[in-house]
Structures are given as structure tokens and as C-alpha cells.
Amino acid sequence: MMIPFEVVLLGTEPNEFNRVGSKKRTLRDFFRNHHGRESSPQEIRIDGRKVLGSRKTVDPGDGKGPMNSASSRSHILKVLVFLLVFPIPAAGEVITRLPTREPRIALTFDACEMGQPHYLDAAVLDTLLSEQIPFTLFVSGKFARRNREELRRIAARDFVEVENHSLSHHHHMERLAPGRVREEVLVAGQLIEEITGKKPQFFRFPAGNYDAKTLRTVEDLGYRVVHWTFASGDPDIHLTPERLTRRVLSRSTNGSILIFHINGRGYATGRALPQILDGLRSRGYRFVTLKEALDPPGNRPTPAGAGAFSPRAGEVP
Ligand SMILES: [Zn+2]
């Protein structure tokens, strides 16, 4: 069960603040962010009410001084019990893990493009298609336009889903005006639907950067935002296929959402993927698309805001 709550981090790095600053997350996601580093909460609020405060502002211990680690643990336990008893509806949620205890894993591949032309990585694609592995592509609108015919062919396979990664892959969408954010999401969505014949329902922020307002704008357009459980690190040109394989196999657990690149930026991904797939299968994992895991049949809301944006003639790239 996903139990969201609002976390307010104080005094974190500016870049990190964008990622974990003020948003609803599950407790597990909070303590293990998508870089795999551990975080410490300074303040946790539920519906605006502070239930766990910083050492300076709240002392749930003996009242004589700052929380010691034992009382801190005890207070976190109370918060957990509170969250279990009073679940809060999910909203403003960035999904970083599948809601399952089964050995299921989602393979997601980003196809980013902003400046230079990018094309589909044939080695990655051949492995996925020849083995008929369910996977999810997050494509930017510009990439979709450039790789239109190939995307159309791929999307015709029933184990492939193509989702929205913005139009122009701006690395800081939280710095854009709300109208521009809507355009980035809606024009890319229209392009993807036109090419694949299927309306995308999941969105991934370029470079993973967003804030609460941008997240809400995207959700108001009918999308659910899906990021990743841990970064594979495949845009690192120095990462060998062996290290990439070890990293992914050692960190994957039930419900992991894996992220790779399929636009040539995953330098070792094509060579590592066969070993990664073999390793995961030998550990008993099954691969699922996001739709299968997050939006099972019979539980599909009608997207809000669909068709709300109508660019003037000549504006659609
Ligand atoms: Zn990207």
C-alpha cells in the first residue's frame, strides 16, 4: 500500500531540494531517495500538521533537550503507526517503485533529445524485441518526431508502451512558466498519440527536476509521474558493461523501476542488457510495463484535461 506524506527538508543542497523539497512520497521512498543515498527527515507534515519536526523545533523526548536517537526512532515509529491508521489519498506523487511485493520489475528506457539528433539504440532495441521483453519508453517529443516510423513499428507490439518525456527535454521544467509546462507536456503527448495510436498516461521529468507546482500542473493534465527506484548510471561513459550489470543486479528488488537510456546515451547498456535480463530472470523476476503494474484493467480513471491545449496552426513542431 502506498501511503503518501509530505516531507519538508530544511537545509539540503539546492539541487536536491528540487527533487525532494516539498512533495508527497512514501516513507520508504523518503528514506531511500532515487540516488540510493540515505536521507534524514527534518520535518514531516501530514495535511499541514507537523508530525515529525527538526531537533530544534520539536522535542518529543523527555522535554529536557534535543531528541536522542532512541526517542527519535520511537517517534518515527509513532509516525509510521499514524500513517498506517490514517492513510491519505495519493496526490502530488512521484512514483519511484511499483506497488507490489511480487518479484516484478519495470524496465524503462529514456529517449531524450534536446540539441543534437538522437536515434534509437539498435543493440538495446534488438535485445528487447527479439526476447519480447515488456518495457516502457519515455520519449521526448523532438525524439518522437525524428524517429517517427521506427516508433510506430515498435509501439505496435503489445508488450511495448511509449510514454511522455516532454517536448524539448528542458532540464529544469520547474523554471518554466506554467503555460510553457503545459505546452511541453501536451504537444509531446499529442505527437506520441498521433504516432503510436495510444494516449500516453505517464510522464517523466527531464533530468528528474521538478517542484510541487510543476508536478501539480502535469498531474492536472491527466498524467501520473513516474521516475525510478535507483539510477543505473548508464550515461556515464566510463561505466563498463560489467559494472553496470553488477550495479543493477545488486540493487534490484521487488517492484524496482529501472532506468536506462535508449538514445545512444547509455554507452554500455546495449552490451550489458543481455546479462542484466538473464541475471534478473534467474533471480525470479518478471518484467512488467508501467500500465500493467500501475493501472490494471478496471482501475483506470478518465484523464482530466485531455485535449485542453490547442496550439494554433503552425505551432505544432
Ligand atoms: Zn531524459
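# Helices H10, H4 and H7 and their loops

Trainee: H10 is followed by a residue whose phi is positive; near what value is that phi?
Mentor: The residue is Gly-284, placed after H10, where helices (H or I, at least four residues) and strands (E, at least two) are DSSP runs numbered from the N terminus. Residues are numbered from 1 along each chain as its sequence is written. This is a predicted model, in which local features need pLDDT of at least 70, side-chain atom pairs count only at pLDDT 80 or more, and totals for chains, interfaces and linings use all residues. The phi of Gly-284 is near 95°.

Trainee: What distance does H10 reach from its first C-alpha to its last?
Mentor: H10 has 14 residues, for which 20 Å is expected at 1.5 Å a residue (the expected span is 1.5 Å times one less than the number of residues). The reach in the model is close to that, at 19 Å.

Trainee: Which elements are included in what covers the buried residues of H10?
Mentor: The buried residues (20 or more other C-beta atoms within 10 Å of their own; exposed is 12 or fewer, partly exposed in between, with C-beta atoms placed from the backbone) are Thr-269, Gly-270, Ala-272, Leu-273, Ile-276 and Leu-280. Their cover includes strand S6 (104-111), H4, helix H9 (241-251) and strand S12 (257-261).

Trainee: Do H4 and H10 pack roughly parallel or roughly antiparallel?
Mentor: Helix H4 (residues 122-130) packs on H10 (residues 269-282) at about 25°, with the axes 8 Å apart; axes are lines fitted to C-alpha atoms, for helices over the stretch in contact, and angles run from 0 to 180 degrees between N-to-C directions. Angles under 35 degrees count as roughly parallel, over 145 as roughly antiparallel, 65 to 115 as roughly perpendicular and the rest as oblique. H4 is therefore, relative to H10, roughly parallel.

Trainee: How many residues in the contact of H4 with H10 are charged?
Mentor: H4 contributes Ala-123, Val-124 and Thr-127, and H10 contributes Thr-269, Gly-270, Leu-273 and Pro-274 (contact: C-beta atoms, placed from the backbone, within 7 Å). Nonpolar means Ala, Val, Leu, Ile, Met, Phe, Trp, Tyr, Cys and Pro, charged means Asp, Glu, Lys and Arg, and the others, Gly among them, are polar. The contact has four nonpolar residues, three polar, and charged residues: no.

Trainee: How far apart are the end C-alpha atoms of H7?
Mentor: H7 has 19 residues, which should span 27 Å at 1.5 Å a residue. The separation in the model agrees: 27 Å.

Trainee: Which elements do the buried residues of H7 pack against?
Mentor: Buried positions in H7 include Val-181, Val-185, Leu-191 and Ile-195. The partners of the buried set are strand S7 (135-139), helix H5 (141-146), helix H6 (148-155), S8, strand S9 (202-203) and helix H8 (212-220).

Trainee: Which residues does Leu-176 touch, not counting those up to four places away in sequence?
Mentor: Leu-176 sits in the loop between strand S8 (160-164) and helix H7 (178-196). Because 16 C-beta neighbours lie inside 10 Å, Leu-176 counts as partly exposed. The residues touched are His-170 and Val-181.

Trainee: Is His-169 buried, partly exposed or exposed?
Mentor: His-169 lies in the loop between S8 and H7, and its phi is positive, near 55°. Most residues other than glycine have a negative phi. With 24 other C-beta atoms within 10 Å, His-169 is buried.

How values were computed: Two residues are in contact if their C-beta atoms, placed from the backbone, lie within 7 Å.
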